[in-house]
Amino acid sequence: MNAPTTPLTDELKAALQWWQMAGVEHDFSDDATDWLAGEDAVTAQSAGDAAENAPATRRNQGQVGSASPQKSEVARIALMGELPPDTLEVFCKWWLEAPGLDAIGPRGRIAPRGVAKPDLMVLVLDPEEQDRDHLLSGPRGKLLANMLAAMGISSERTYFASALPRHTPVADTASLAASGLDDVTLHHIGLVSPQKLVVFGSDILPLLKQDVSNPETSLREINQNSAEVPLLVSEGLDSLLAMPRLKARFWRRWIEWSVDLK
């Protein structure tokens, strides 16, 4: 006697056959799961799951070194020492020469540029790959120069800075912040004392001691020397270059932000 079938049963069989014909046998998440395993393999997988869910004390009995390694905490260092730079001139010299600022050393670092108390401070994550003696000398810098011109802001009244001293692809800003670089970033902003601050790249937020889970639009100001500096966080300049729709988004947010400041 044949087992009764339903439309849902037929659909499931058809879907399974489609995956078999396509040569897809595994669903990848954190671990691979064999969808088309035989009964023995399914039983073994279930047993493994049960063992994984068992209390840790029972699961690890008699097993030496079975505990999974945990990510070690980053040691926090007072990168600026007991006497942090007290002027921008001293800070820039320290930025270029301090041996412990990064793992590579002083060679190849790019200095910030601009004057104290500017109309606007622009903060990017790192220098461009093309930068040698001048911060933002490549495509990102050209885009920024065009944006400043459209905003009606003079480059002479803008301070240009990076949160990292050299071009650093895929930087782990959370770990860098935990190591003490967040204090350096905030001290730098404090020395600049800008009227407004625009941050290009939400990955900079840990270095500002800001919660990265916050929506960008909720970050409106940053406290520096008991003064609230208006803050606008945008996508990175490289993202704005790659996706024109993000430029339109930035302009909408810039206009709204500028109106709110009046």
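This is a short chat about helix packing and empty space in a predicted model.

Visitor: Let's start with helix packing. At what angle do α4 and α6 pack?
Guide: Helix α4, residues 88-97, packs on helix α6, residues 173-192, at an angle of about 150°. Their axes are 10 Å apart. Because angles over 145 degrees count as roughly antiparallel, α4 is roughly antiparallel to α6.

Visitor: Left-handed or right-handed crossing for that pair?
Guide: α4 and α6 cross in a left-handed sense.

Visitor: Which residues meet there?
Guide: From α4 the contact takes Leu88, Phe91, Trp94 and Trp95. On the α6 side they meet Val184, His187, His188, Leu191 and Val192. By class, that contact has seven nonpolar residues, two polar ones and no charged ones.

Visitor: Now the cavities. How many of 30 Å³ or more?
Guide: One cavity reaches that volume. The largest cavity holds about 40 Å³ of space.

Visitor: What lines the largest cavity?
Guide: The lining consists of Trp95, Met121, Leu123, Ser162, Ala163, Val184, Thr185, His188 and Ile189. Strand β3, residues 120-124, and α6 are the elements that give two or more residues to this lining.

Visitor: Which element gives the most?
Guide: That is α6, with four residues. Val184 and His188 of α6, along with Trp95 of α4, belong to the helix contact, and Trp95, Val184 and His188 also line the cavity.

Visitor: And how do the residues of the cavity lining divide by class?
Guide: Six are nonpolar and three are polar, with no charged residue in the lining of the largest cavity.

Visitor: Switching to pockets. What volume does the largest one have?
Guide: The largest pocket has a volume of about 260 Å³. It is lined by 14 residues, and those closest to its centre are Leu101, Asp102, Ala103, Leu176 and Leu181.

Visitor: What's the class breakdown for the lining of the largest pocket?
Guide: Nine nonpolar, three polar and two charged residues.

Visitor: How much space lies in the second largest pocket?
Guide: About 160 Å³. Its lining includes Val124, Leu125, Asp126, Arg140, His167 and Phe200. Gly201, Asp203, Gly236, Leu237, Asp238 and Ser239 are also among the lining residues.

Visitor: Which helix gives the most to that second lining?
Guide: Helix α7, residues 237-242, gives three residues to the second largest pocket.

Visitor: And the classes in the lining of the second largest pocket?
Guide: The lining has four nonpolar, four polar and four charged residues.

Visitor: Back to helices. How far apart are the axes of α5 and α8?
Guide: The axes of helix α5, residues 139-151, and helix α8, residues 244-261, lie 13 Å apart. The packing angle of α5 and α8 is about 35°, and the crossing is right-handed.

Visitor: Which residues make contact between α5 and α8?
Guide: α5 brings Leu143, Met147, Ala150 and Met151. These meet Lys247, Phe250, Trp251 and Trp254 of α8. The α5 and α8 contact has seven nonpolar residues, no polar ones and one charged. Given that Lys counts as charged, the charged residue in this contact is Lys247.

Terms used. Residues numbered from 1 in each chain as written. Predicted model: local features only at pLDDT ≥ 70, side-chain atom pairs only at ≥ 80, totals over all residues. Heavy atoms only, no water. Axes fitted to C-alpha atoms, helices over the stretch in contact; angles between N-to-C directions. Parallel < 35°, antiparallel > 145°, perpendicular 65-115°, else oblique. Left-handed = near helix turned anticlockwise from the far one by under 90°. Contact = heavy atoms within 4.5 Å. 1 Å grid on protein atoms, 1.4 Å probe; cavity = no way out; pocket = protein on both sides within 12 Å on 5 of 7 lines; lining within 4 Å. Points joined across faces, edges and corners; volume = space filled by probe spheres on them.
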